[in-house]
Amino acid sequence: MVSLVCTLGQHTDELSCCAFSPALLATCSADKTLRVYSTAEFTELPFSPLSGHGYGVHCCCFSSCGRFLLSCSTDGSIIVWRLDTGEAAEVLQHPGRSPLRVCALAPVSSLLLAGACDGTVALWDFSCKTLRRCSTVSDASVVACCFSPCGQLFVTGCSRGDLKLWDANISLLHAERDAHDMGVTCCSAAARFRVVGCRLEFRMASCGQDSQLKIWIVSQCEGAAFAMKLLHTLTTHLAPVLSCALSSDGDLVVSGSVDKSILIHDVNQGTLLHTLKQHNRYVTAVALSPNKPWIATGSMDRTVKVWRIGEGDGTTAAESSQTACQGRKLPGHFRLLVADWSEEDVQTWLHEEGLGELVGVFKANNIDGPELGHLSKETVAELGIESVGLRGRLLRKIQALKAEQSDSEAPDEFLCPITRELMKDPVIAADGYSYERESIESWIRGKNRTSPMTNLLLQTTLLTPNRSLKMAIARWQSSL
């Protein structure tokens, strides 16, 4: 049995990663922030959110000691955050300033790995924060990586579809070409080795754009070469699989997909155990707690959902807080569209915005989300609100609410691929994609002469105004 414990909705853009430590849950997003929660009550820590990246945050992970949280971003940096204060203790830059898509810390060594859009991986000694080496491992973007249980081996996955096994000197030990057609999206290794006869092995999961989840056994016999054996190919998802996570013992695998579902499989049998469908957009991140029966899932719907595996023998502290967690649902945080709000959601919003004196009027007139969205100067007056100042405040709050939610309702082609924000001055770059002018100019000034979308060299830095797109955005905004 798997039950929903809590929904966290503080991020303002799509989720990109979730990570657990024994005591904390961290999440990161295209909104350029990280948020940190206690797993005792799933309440946000006082210093959260963490802000420091210039672009969206792609990945986050905890140090094995539990004192640091690391994050990487399109801005080409890894930030090391102190978990006692929330302060940035260190900023590590990719040598070529290439956008970073993924990062990982070795479980029992001091190695820190980051995969970049230019096909390189950078390897640091985390204890002294020094770069050991930076090497090209692919001719496509490195979008996935994970360490072996000993921390002396790591696996990379690229957008072309290859999985490769490397040692700590970035020497290639084994390659699985085209492991996932159309590209790898994620990989995850179990935290423990298994000894089978004279063979030492660990399990690894990978997923990709081919809608498949694969389970591998990575092994080495004494004195022999490394091998990767395919144990299962799981085809239960109906669309590309964007994220996967293995339990520490390697017996369970959780995956999230473009089909909006989260699946839990038994790794030993390759059988489906549970299907979870609570997100209303793509599931982009999944994580398993190393010491508790928690699963965290993140989505393009901007929410993180925490689940409990197993029936248990009573209500835990986190489960007992589910009602409170959901009772604090600020409509703007937990429901993406005003049109979805109930009358109760509207009344909660009024209280939160300091307009509690209008609750009685709204309740008497049965105003729900759709009605709220259509209120105008004339219809507000018809509600019998006598105070001109109060009517003005209400209308300003409604306009601000519409502006806040416009990005979430916007068609994807209206959002800048770099910032994921609604474009105001769209321009076409040499790669054929449209960007917000300020964002792509900043990208180019940062000595990035490659396309943010294709990673190929931009033949020219000339930018052409996309007037038709700008007009389409303006028409869409006027229709709200």
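1. Let's start with Ser439, which sits in helix H9 of this predicted model. Its relative accessible area comes out at 8%, so Ser439 is buried. Beyond four places in sequence, Ser439 has contacts with Tyr55, Cys416, Ile418 and Thr419. Keep Tyr55 in mind, as that residue turns up again in the next point.

2. On to the rings. How many aromatic pairs are there? The count comes to four. One of them joins Tyr55 and Trp443: with 6.4 Å between the ring centres and 65° between the planes, the pair is edge-to-face, because planes over 60 degrees apart fall in that class. Tyr55 belongs to the loop between strand E5 (50-51) and strand E6 (57-62), while Trp443 belongs to helix H9 (residues 437-445), so this pair ties together parts that lie 388 residues apart in sequence. Both Tyr55 and Trp443 are buried.

3. Another edge-to-face pair is made by Phe68 and Phe126, with 5.9 Å from centre to centre and the planes at 80°. Here too the pair links distant parts of the chain: Phe68 comes from strand E7 (residues 68-73) and Phe126 from the loop between E12 and E13, 58 residues apart. Are these two rings buried or exposed? Phe68 has 14% relative accessibility, so Phe68 counts as buried. Phe126 has a relative accessible area of 10%, so Phe126 is buried as well.

4. Now for the sheets. One open sheet has four strands in the order E10-E11-E12-E13, and the pairing is antiparallel. Strand E10 (100-105) and strand E13 (130-136) are at the edges with a single partner strand each, so one side of each has no neighbour in the sheet. On average, neighbouring strands in this sheet are turned by 20° against each other, ignoring direction. Strand E12 (residues 120-125) pairs with E13 in the antiparallel sense, over six bridges. Within that pairing, Trp124 has Leu131 of E13 as its bridge partner.

5. Thr120 is worth a click while you have that sheet on screen, as Thr120 is part of strand E12. With a relative accessible area of 8%, Thr120 falls under the 20% limit and so is buried. Its C-alpha atom is 9.5 Å from that of Leu100, a residue 20 places away along the chain. Setting aside neighbours within four places in sequence, Thr120 is in contact with His94, Ala114, Gly115, Cys134, Ser135, Thr136, Val137 and Val142.

6. Val142, one of those contacts, also leads to another open sheet. In E15, its bridge partner is Cys158. This sheet has four strands as well, in the order E14-E15-E16-E17 with antiparallel pairing. Which strands stand at the edges? Strand E14 (142-147) and strand E17 (172-176) do, each pairing on one side only. From one strand to the next, the twist averages 20°. E14 and strand E15 (residues 153-158) run antiparallel to each other and are paired over five bridges.

7. For the N-terminal strand, have a look at E1 (residues 2-8): seven of its seven residues are buried. E1 pairs with strand E29 (residues 304-309) in the antiparallel sense, over six bridges. In this pairing, Leu4 is opposite Trp307 of E29.

8. The largest nonpolar core holds 48 residues, and the members touching the most others are Leu34, Cys60, Leu69, Leu70, Ile78, Leu112 and Phe147. Take Cys60 as an example. Leaving out residues up to four places away in sequence, Cys60 touches Cys17, Ala19, Ala26, Thr27, Cys28, Leu34, Leu69, Leu70 and Ser71.

9. A short remark on helix H4 (residues 343-352): Asp345, Val346, Gln347, Trp349 and Leu350 are buried there. Just after H4 comes Gly354, with a positive phi of about 75°.

10. Finally, confidence. The chain averages a pLDDT of 86, and 91% of the residues score at least 70. Where does pLDDT stay under 50? It does so over residues 312-336, a stretch for which the model has 50 contacts beyond four places in sequence. Where pLDDT is low, the predicted coordinates should not be read in detail.

Technical notes: Residues are numbered from 1 along each chain as its sequence is written. This is a predicted model: local features need pLDDT of at least 70, side-chain atom pairs count only at pLDDT 80 or more; totals for chains, interfaces and linings use all residues. Side-chain values use heavy atoms; hydrogens and water are left out. Two strands pair if DSSP finds at least two bridges between them. Helices (H or I, at least four residues) and strands (E, at least two) are DSSP runs, numbered from the N terminus. Axes are lines fitted to C-alpha atoms, for helices over the stretch in contact, and angles run from 0 to 180 degrees between N-to-C directions. Buried means under 20% relative accessible area, exposed over 50%, partly exposed in between (1.4 Å probe, protein chains only). pLDDT is the predictor's confidence in each residue, from 0 to 100. Contact means heavy atoms within 4.5 Å. A nonpolar core is a set of buried Ala, Val, Leu, Ile, Met, Phe, Trp, Tyr and Cys residues joined through side-chain atoms within 4.5 Å. Rings of Phe, Tyr and Trp (its six-membered ring) pair if their centres lie within 6.5 Å; planes under 30 degrees apart count as stacked, over 60 as edge-to-face and the rest as tilted.
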